[in-house]
Amino acid sequence: MKQIVVALSLLTLLLSTSASAVTKVRNTDHGGFYVGFGIGFGSLGIDFNNSDVTYDREGGGAGVVFLGGAIKPNLLLGLDVNAWSKKEDNVTRTISTSSLCLTYYVAPRFFVKGGIGVGSANVEVDYHHSTVSYNETGFGLTAGAGMEFRLTRHFALVPSTQWSYQSFDSFKSNVFSITFNIGWYW
């Protein structure tokens with residue numbers, strides 16, 4: 001997992017230095033709809049309510065899906081879905097947050113985002129050819145930052161970091177992730 005974080009960090013650094021020449025000639029203003037997705041690495045932290053038990057953060061796969069539209073050339077409104085998942089032995093755990101997000105471009109390529117929405121937790125246990133699952137929904141928050149490197153007028157590489165928080169009846173969790181995304185703008 002550490003190799004994935006290092007590789008994504010190096011790729012982001014490489015893109016930020018080499019893609020600057022490409023993006024100088026591309027228009028990064030937004031005027032319509034957008035959609036995109038990405039994958040990467042995430043770190044999950046959990047705090048159980050009314051318990052002194054502590055858990056170390058753990059790594060897993062992360063993904064993001066985003067879509068929406070432009071309010072202004074530098075302000076977007078959309079739906080962001082951030083997810084973290086890990087399968088260990090016969091147990092698959094997934095934590096996700098679906099948020100209504102505002103994305104603000106503080107510079108032509110650099111953006112920050114934040115949103116409020118719904119958190120979801122799912123645990124599936126495979127046992128003797130059957131699956132037992134537990135699901136819980138609750139409150140969710142999302143925050144993030146990233147860069148947009150236009151390769152064409154409608155296509156961009158969008159490396160980013162996301163932080164999401166989920167509050168459920170039995171526990172609270174948060175995920176920090178680094179993802180390498182692609183996006184389409186029209």
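Hi everyone, let's start with the surface: the chain has an accessible surface of about 10,200 Å², and 64% of that belongs to carbon and sulfur atoms. Keep in mind as we go that this is a predicted model.

As for the overall layout, we have 186 residues, and 38% of them are buried. There are two helices and 10 strands. Both helices come before the strands when you read along the sequence. If you take the contacts with a separation of 6 or more, 59% of them are between residues 24 or more positions apart.

Let's go inside. Which residues make up the largest nonpolar core? There are nine: Tyr34, Val64, Phe66, Leu76, Tyr105, Phe111, Ala156, Val158 and Tyr185. Another core, of eight residues, lies apart from that one, and its members include Ile46, Trp84, Ile95 and Phe168. As background, nonpolar side chains in soluble globular proteins tend to be buried together.

Tyrosine 34 is a nice one to click on. Leaving out residues up to four places away in sequence, tyrosine 34 touches Phe66, Leu67, Gly68, Gly69, Leu76, Leu77, Gly78, Trp184 and Tyr185.

Now, some nonpolar side chains are on the outside. Phe33, Phe37, Val65, Leu67, Leu79, Trp184 and Trp186 form a surface patch, with about 710 Å² of accessible area together. Strands E1 (33-48) and E2 (58-72) are the elements that give two or more residues to this patch. Leucine 79, another patch member, sits in strand E3, which covers residues 75-88. Its relative accessibility is 39%, so leucine 79 counts as partly exposed.

Next, my favourite residue here, histidine 30. You'll find histidine 30 in the loop between helix H2 (20-24) and E1. Is histidine 30 buried or exposed? Its relative accessible area is 6%, and the cut-off for buried is under 20%, so histidine 30 is buried. What does its side chain make polar contacts with? One partner is the side chain of glutamate 148, at 3.0 Å, and another is the side chain of arginine 150, at 3.4 Å. Beyond four places in sequence, the residues that histidine 30 touches include Ala70, Lys72, Pro73 and Leu76, as well as Tyr105 and Tyr185. Leu76, Tyr105 and Tyr185 also belong to the nine-residue core we just saw.

On to charges. How many salt bridges are there? The count comes to six. One of them joins the side chains of lysine 113 and aspartate 80, at 2.5 Å from N to O. This pair links distant parts of the chain, with lysine 113 in strand E5 (residues 110-127) and aspartate 80 in strand E3, 33 residues apart. Both lysine 113 and aspartate 80 are buried.

Compare that with lysine 87 and aspartate 126, whose closest N and O atoms are 4.0 Å apart in their salt bridge. Lysine 87 is in strand E3 and aspartate 126 in strand E5, so this pair ties together parts that are 39 residues apart in sequence. Lysine 87 is exposed, at 55% relative accessible area, while aspartate 126 is partly exposed at 32%.

Last stop: Glu58, Lys86, Glu88 and Arg93 are linked in a network of salt bridges. Within that network, lysine 86 pairs with glutamate 88, with 3.9 Å between the closest N and O atoms. Glutamate 88 is partly exposed, at 43% relative accessible area. Thanks for listening, everyone!

Note on methods. Residues numbered from 1 in each chain as written. Predicted model: local features only at pLDDT ≥ 70, side-chain atom pairs only at ≥ 80, totals over all residues. Heavy atoms only, no water. Core = buried A, V, L, I, M, F, W, Y, C linked by side-chain atoms within 4.5 Å. Buried < 20%, exposed > 50% of the residue type's maximum accessible area, 1.4 Å probe, protein only. Contact = heavy atoms within 4.5 Å. Helix = DSSP H or I, 4+ residues; strand = E, 2+ residues; numbered from the N terminus. Areas by Shrake-Rupley, 256 points an atom, 1.4 Å probe, with all protein chains shown as cover. Patch = residues over 30% accessible without salt bridge, like charges linked within 9 Å, V, L, I, M, F, W, Y side chains within 5 Å. Polar contact = N/O pair within 3.5 Å; in protein donor to acceptor, adjacent residues only side chain to side chain.
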